[in-house]
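Hi,

Here is the structure I promised to pass on to you. Please open it alongside this email, and my notes on it follow below.

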Amino acid sequence: MKGSAFFLKTLAKLGVNNIFGIVGGEAQAIQFDEEKDINFYLTRHEFTAGIMADVYSRISGTPQMCYSTFGPGLTNLSTGVCSAMLDRSPILVVSAQIPREEICYNQTHQCIDNVEFMKPLTKYSAQLENLIDIPKIVKEALEIAINGIPGPVYLSFPLDLMKEKIDENLAEKLLNELTPINKKLPNQVNDEKLNGIIEEIKNSNNPIIVVGNQVIREDCCNEIIELANKFNIPVISTLASKGVIPEDHHLFITPGNKYIDEIYQKPLIADIFKSTDLMLLIGYDFGEDLKPSLWKNDKKTIVINSFYEDMGKVFQPGLLYIGDMKKSLNKIINSNINVKTFPTELKQVKEIFDKREVCNDNESFKKITSIISSIRNSIGKTGILCSDIGLHKQYAGLLSKTYTPNTFLCSNVCGSFGFGLPAALGAKLAKPNERVALICGDGGFHSTSQDLETAVRYNLPIVIVLLKDNAFGLIKYYQHLSREEIYNPSVEFGNVDFVKLAEANGMKALHLDNVDYLETIMNDAFEAKRPLLIEIPINYEYKLQ
């Protein structure tokens with residue numbers, strides 16, 4: 001059996017059934033049709049492959065694979081890997097390496113030190129050296145990917161090893177001995193420490209729960225809802241954890257980040273935390289951008305998590321509890337904690353957040369609010385909204401209502417331009433029966449727009465809502481933070497006709513000025529089950545303060 005076939009059969013046996021990527025000169029050795037249970041998705045750019053693997057794995061909870069050729073293929077792929085690392089997605093990253101007898105880093109054609117290059121971006125980085133070790137190494141890598149705080153793992157696969165042969169009987173024996181990848185259980189409940197946490201909650205008058213994405217990964221959404229309901233504790237999410245609790249729940253306040261006051265055009269952040277005397281940070285991830293500076297670093301904080309990386313001087317909670325989150329939450333739920341009173345000022349800001357309307361009569365604010373509402377209405381409560389990076393992401397994240405986990409997806413921690421289109425493609429493959437929409441700006445979208453053709457080729461019926469301002473809108477916003485005038489050459493583009501671009505790639509597209517028709521157009525597109533791009537001109541209010 002050829003080494004490449006043995007590798008692919010190992011993947012399939014361990015539950016990796018989808019590979020996203022681009023093959024290079026090593027196509028002579030690995031064809032990706034050597035294992036019937038492997039689906040190979042060819043993308044137009046390696047970054048797209050990385051994000052598709054990231055999002056598919058994030059939604060499914062099972063690691064899938066992205067692949068590239070050597071040299072520039074791997075460097076192109078690396079930004080997608082960075083996204084998976086920072087947004088905690090368990091993916092397997094594999095690239096080819098030139099034949100081992102020719103390796104001379106930075107001297108041989110397309111040869112870099114793959115393993116050292118990928119080490120800072122992954123939880124594990126190694127090169128395959130012997131065919132007989134492939135099952136053991138792949139399994140070990142996948143277990144590292146899914147355990148603790150999940151993330152990408154990397155394997156370098158030399159071309160000569162792909163071509164090598166392994167005895168058929170030995171290969172079958174090694175494959176038959178493979179057992180499923182093992183997810184280790186978190187630490188057991190520490191009753192003494194948890195009792196101290198329960199006492200802190202008892203002694204507080206106005207606690208707030210902040211949920212992070214680890215709650216979704218640990219399947220603890222129901223426990224969060226039960227905890228909030230039993231003790232009448234309000235809940236805030238990050239953009240990454242939207243949907244942990246339905247956003248029409250009577251105790252849900254808002255998804256939160258530093259942009260709340262600017263987007264709503266009203267000083268609301270201070271009112272959220274005015275009466276709070278205890279922050280319960282459950283499944284909290286500092287990288288998700290809901291930072292203690294929002295509550296002025298003057299509240300008692302408790303982190304409850306199954307796994308946690310110490311932040312050093314950047315952030316230290318008052319109390320840190322690490323243990324089985326589901327069991328810990330259930331013990332808190334079953335404890336004798338008094339029902340809390342919902343603060344009046346928090347009720348008042350909740351009424352504003354519940355409307356999801358900006359406090360401004362400016363037409364651009366009204367338009368963006370209407371667009372986001374129409375998108376959510378068209379995809380329904382279980383449909384998936386993917387957002388690219390830009391000013392629109394803050395509107396979409398804060399104003400869209402999300403009802404179930406993993407139905408609002410963005411590059412929250414990594415924040416990479418171009419995330420949106422490949423994210424939507426990965427989401428549609430992971431959830432083929434759900435409606436999937438993408439909201440993006442022209443700046444980020446054009447970073448990966450070549451993969452419009454990928455959506456068409458695989459007939460992935462996503463709807464792309466492209467907000468066009470011929471600029472990097474978020475960067476304009478940042479420039480306005482320190483100066484009155486922006487420097488146009490650093491943030492503005494020439495005009496691109498994205499309707500013609502989509503059509504050139506075989507996708508239906510239209511230009512829309514009147515957003516009153518957006519929901520109907522989207523519904524028609526979803527019914528037709530064909531991808532559609534909708535270009536909408538937008539004039540942001542870049543100076544939001």
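Helix 2 is the element that contributes most to the lining of the second largest pocket, giving four residues. Before I go further, please keep in mind that this is a predicted model. The second largest pocket holds about 310 Å³ of space. Its lining is made up of 23 residues, and those closest to the centre are Ser 57, Gly 61, Thr 62, Pro 90 and Lys 183. Two elements give two or more residues to this lining, namely helix 2 (46–60) and helix 9. By residue class, the lining of the second largest pocket splits into eight nonpolar, nine polar and six charged.

Now to the largest pocket, which has a volume of about 650 Å³. Of its 34 lining residues, Arg 88, Asp 285, Gly 287, Glu 288 and Val 413 lie closest to the centre. Four helices each give two or more residues to this lining: helix 3 (72–86), helix 9 (214–217), helix 16 (391–399) and helix 20 (473–480). Helix 9 therefore turns up in the list for the largest pocket as well as in the one for the second largest. The lining of the largest pocket comprises 15 nonpolar, nine polar and ten charged residues.Helix 20 is worth a look in its own right. Six of its eight residues are buried, so helix 20 is largely enclosed by the rest of the structure. The buried ones are Gly 473, Leu 474, Lys 476, Tyr 477, Gln 479 and His 480. They pack against helix 11 (260–264) and helix 16.

Helix 17 (residues 420–430) is mostly covered, with eleven of its eleven residues buried. Lys 428 is among the buried residues there, as are Pro 422 and Leu 425.

On to the nonpolar cores. The largest has 94 residues, and within it Ile 282 and Ile 371 touch the most other members. Setting aside neighbours within four places in sequence, Ile 282 is in contact with Ile 209, Val 210, Val 211, Gly 212, Val 215, Ile 224, Leu 227, Ile 304, Met 325 and Leu 329. There is also a second, separate core of 47 residues, which includes Val 81, Leu 425, Cys 440 and Met 507.

Which residues does Ile 464 touch, not counting those up to four places away in sequence? They are Leu 421, Leu 438, Cys 440, Phe 445, Leu 452, Met 507, Leu 532, Leu 533 and Ile 534. Ile 464 sits in strand 16 (residues 463–468). Its relative accessible area is 0%, so Ile 464 counts as buried. From C-alpha to C-alpha, Ile 464 and Val 491 are 23 Å apart in space, and they are 27 residues apart in sequence.

One last spot is Glu 35, in the loop between strand 1 (18–21) and strand 2 (39–42). Is Glu 35 buried or exposed? Its relative accessibility is 9%, and because the cut-off for buried is under 20%, Glu 35 counts as buried. The side chain of Glu 35 reaches the backbone nitrogen of Asp 37 at 3.0 Å. Apart from its neighbours within four places in sequence, Glu 35 is in contact with Leu 8, Lys 9 and Ala 12.

Best wishes, and happy browsing!

Terms used. Residues are numbered from 1 along each chain as its sequence is written. This is a predicted model: local features need pLDDT of at least 70, side-chain atom pairs count only at pLDDT 80 or more; totals for chains, interfaces and linings use all residues. Side-chain values use heavy atoms; hydrogens and water are left out. A nonpolar core is a set of buried Ala, Val, Leu, Ile, Met, Phe, Trp, Tyr and Cys residues joined through side-chain atoms within 4.5 Å. Buried means under 20% relative accessible area, exposed over 50%, partly exposed in between (1.4 Å probe, protein chains only). Contact means heavy atoms within 4.5 Å. On a 1 Å grid over the protein atoms alone, a cavity is a set of points where a 1.4 Å probe fits but cannot get out, and a pocket is an open set with protein on both sides within 12 Å along at least five of seven lines; lining residues have an atom within 4 Å of a point. Grid points are joined across faces, edges and corners, and a volume is the space filled by probe spheres set on the points. Ala, Val, Leu, Ile, Met, Phe, Trp, Tyr, Cys and Pro count as nonpolar, Asp, Glu, Lys and Arg as charged, and the others, Gly among them, as polar. A polar contact is a pair of N or O atoms within 3.5 Å; within protein, one must be able to donate a hydrogen and the other to accept it, and residues adjacent in sequence count only if both atoms are side-chain atoms.
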